[in-house]
Amino acid sequence: MTALPDHPGLGHMPSDLDALRRVVQGLLLHRDWAAAYGIEGDAMRMDEQNLRATADVLTRALELSGEPITVPRQPIDRVLCICRHFTLVHTALLRAQGVPARVRCGFSSYFDPTKWYDHWITERWNGERWVRDDPQIDDLQAKTVNLDFDPHDQPPGRFLTGSEAWIAARAGEVDANLFGIFDMWGLAFISSNVISDFACLNNVELLPWDGWGMMIGPHEPVTDEVADVLDDLATLATSDDFDAIRERYLTDDRLRVPPDITSFINGKPVVVRLAL
């Protein structure tokens, strides 16, 4: 998912972390923030949010503007997307420069202090620890939500991975019904983010509305059998034992992404064949 396309428009990428993040922000426009940048109604190219791979996202960006991707686009010429695309492209550009980076699927508390919204961010290795970096948050968004911390080097507890949220909810430390988005809230929604994040740890960073294996619908009950599996999975994911994470992913058909998945596009199930 994070392979870059072979295109002269990629240009020379800056190595400075702030500058690299601005490249991403100059290419992409979050669907739910579009109005804040003056884009509404018929100007919203909603199909772009279904682009899955970095190569497809960047190819579309270069179709919208012939400038190198290091040149910031006007909002109308940015690829319409969601948080997952910001972190996917950000991770891809970091990896291309040799910086260990990974996509994380989970929940943030900084868009609304009363809820934990479905959200995706980057984790990058700074040589000593994994730094949680939200490449979507620019100055406008930081000011709008009154951020009181650095979103690009987040303190603990402002973003929870799917597994961290699951463990906290199962322990009764948080209310599972505060986790989700739109009309989808609760433990079932958290369960899907556990599985999506586990796939991300294995370099398969899919769309939030892609489904496979033991994922359940956001309004379905979580059975004891599913909960037991996810208790074990969440503990493994938070251990950061990559060898064990990789072994579990490769040997458990309930978790491993198959070639054929179901993507819920505009609420309708569509079978998608992946090139894995």
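The exercises below work through parts of a predicted model, each with a solution in steps.

Residues are numbered from 1 along each chain as its sequence is written. Because this is a predicted model, local features need pLDDT of at least 70 and side-chain atom pairs count only at pLDDT 80 or more, while totals for chains, interfaces and linings use all residues, and side-chain values use heavy atoms, with hydrogens and water left out.

**Exercise 1. Find which residues of helix 8 are buried, and on which side of the helix they lie.**

Solution. Begin with the terms: helices (H or I, at least four residues) and strands (E, at least two) are DSSP runs numbered from the N terminus, and buried means under 20% relative accessible area, exposed over 50%, and partly exposed in between, with a 1.4 Å probe and protein chains only. Helix 8 spans residues 242-251, and its buried residues are I245, R248 and Y249. These residues lie on the same side of helix 8, because they cover an arc of only 100° around the axis, the arc being that of the directions from the helix axis to the C-beta atoms. As general background, an α-helix has 3.6 residues a turn, so residues three or four places apart point the same way. On the other side of helix 8, D243 and T251 are exposed. The cover over the buried residues includes helix 6 (187-200) and helix 7 (224-239).

**Exercise 2. Describe the surroundings of R248.**

Solution. R248 belongs to helix 8, and with a relative accessible area of 17% R248 is buried. Contact means heavy atoms within 4.5 Å; when neighbours within four places in sequence are left aside, R248 is in contact with F198, V229, D232, L233, L236, R254 and L255. As for L236, this residue is twelve residues from R248 in sequence, and the two are 9.0 Å apart in space, C-alpha to C-alpha.

**Exercise 3. Establish which polar contacts the side chains of T2 and D210 make.**

Solution. A polar contact is a pair of N or O atoms within 3.5 Å; within protein, one must be able to donate a hydrogen and the other to accept it, and residues adjacent in sequence count only if both atoms are side-chain atoms. Take T2 to begin with: it lies in the segment before helix 1 (17-27), and counts as buried at 15% relative accessibility. The side chain of T2 makes a polar contact with the side chain of R95 at 2.9 Å, and R95 also appears among the residues in contact with T2 beyond four places in sequence, together with T54, L88, T91, A92 and E205. Turn next to D210, which is placed in strand 9 and counts as buried at 2% relative accessibility. Its side chain makes a polar contact with the side chain of R52 at 2.9 Å, and the side chain of D210 also reaches the backbone nitrogen of L207 at 2.9 Å. Not counting residues up to four places away in sequence, D210 touches R52, M215, I261, T262 and S263.

**Exercise 4. Describe the largest pocket and what lines it.**

Solution. On a 1 Å grid over the protein atoms alone, a pocket is an open set of points with protein on both sides within 12 Å along at least five of seven lines, a cavity is a set of points where a 1.4 Å probe fits but cannot get out, and lining residues have an atom within 4 Å of a point. The largest pocket holds about 990 Å³ of space. Of the 34 residues that line this pocket, I181, M184, F189, P208 and W209 are the closest to its centre. Strand 4 (116-125), helix 6, strand 9 (210-211) and strand 10 (260-265) each supply at least two lining residues, and helix 6 gives the most, with four.

**Exercise 5. State how many cavities of 30 Å³ or more are counted, and give the lining of the largest.**

Solution. The count comes to two cavities of 30 Å³ or more. The largest cavity has a volume of about 60 Å³, where a volume is the space filled by probe spheres set on the grid points, which are joined across faces, edges and corners. Its lining consists of Q25, L28, L29, H30, Y37, R78, F86, Q136, D138 and Q141, and strand 1 (residues 28-30) gives the most, with three residues. The second largest cavity holds about 40 Å³ of space.
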